[in-house]
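Student: I have a structure open in front of me and I'd like to learn how to read it. Can we go through it together?

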Amino acid sequence: MFTAAYLRVSTADQSTDNQLGELQQRGFSPTAVFKDEAVSGKTPALERPDFAAMVATLERLNGSTAKRVVTTKVDRLGRDAGDILATVKRLQEVGAEVIVTQLGGVDLTSPTGKLVLTTLAAVAEMERAAEEDALMFCYQVLPLRSHFQPCFARKHIVLPQHVCWGGESPTVWC
């Protein structure tokens, strides 16, 4: 079976090594590894260089060859529900199963997998929107509070649930 591992990270200071390690730890021996580094999950999958190369590779394989794409999490495929669903549909059209290790090996092209995928794709989109809302909260609302000092030292988004109002000044975990 031809196994394509798809890995993606959003920023240049992140690494795909942990994703590949997780796939190998779960027993997958990829035939080919496709990495999109410093590419946002908001970018449609087919517009990502290595994802497009992976689809082209899968298309070139003989129809008698079993094919699968493995990745660690649904959000590696994208952060927009419509795009994730279209991506899995495109992979199914080229004859590939889509396995996400976080989901315990469910094939996302199966009826059960499609149910799970539809739900999780919507959750991934909601998480992205929540992160954007939290960022706006941090930039617009929190600085107006005289005793608040934001902590953006590690370039992480500070989510509102990480702001703890203990005593007179907040503790911000970032």
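Tutor: Let's begin with burial: a residue is buried under 20% relative accessible area, exposed over 50%, and partly exposed in between (1.4 Å probe, protein chains only). Ala 38 has 43% relative accessibility, so Ala 38 counts as partly exposed. Before we go on, this is a predicted model, where local features need pLDDT of at least 70 and side-chain atom pairs count only at pLDDT 80 or more, while totals for chains, interfaces and linings use all residues. Residues are numbered from 1 along each chain as its sequence is written, and side-chain values use heavy atoms, with hydrogens and water left out.

Student: Where does Ala 38 lie?

Tutor: Helices (H or I, at least four residues) and strands (E, at least two) are DSSP runs, numbered from the N terminus. Ala 38 lies in the loop between β2 and α2, the helix of residues 49–60. Its phi is near 60°, a positive value in a residue other than glycine. You'll find a positive phi at Gly 27 too, about 95°, just after α1.

Student: Which residues of helix α1 are buried?

Tutor: In α1 (residues 17–25), they are Gln 19, Leu 20 and Leu 23. They cover an arc of only 95° around the axis, so they sit on the same side of α1; the arc is that of the directions from the helix axis to the C-beta atoms. Over on the other side of α1, Asp 17, Asn 18 and Gln 25 are exposed.

Student: What do the buried residues of α1 pack against?

Tutor: For contact, look for heavy atoms within 4.5 Å. The buried residues of α1 pack against three strands: β1 (2–8), β2 (32–36) and β3 (67–71).

Student: Arg 76 caught my eye. Is Arg 76 buried or exposed?

Tutor: Arg 76 has 13% relative accessibility, so it counts as buried. You'll find Arg 76 in the loop between β3 and α3 (81–93). Leaving aside neighbours within four places in sequence, Arg 76 has contacts that include Tyr 6, Gln 19 and Thr 71.

Student: Which backbone oxygen does the side chain of Arg 76 reach?

Tutor: A polar contact is a pair of N or O atoms within 3.5 Å; within protein, one must be able to donate a hydrogen and the other to accept it, and residues adjacent in sequence count only if both atoms are side-chain atoms. The side chain of Arg 76 reaches the backbone oxygen of Arg 8, at 2.5 Å. For another case, try Thr 119 in helix α4 (residues 111–141): a polar atom of its side chain lies 3.2 Å from the backbone oxygen of Leu 115.
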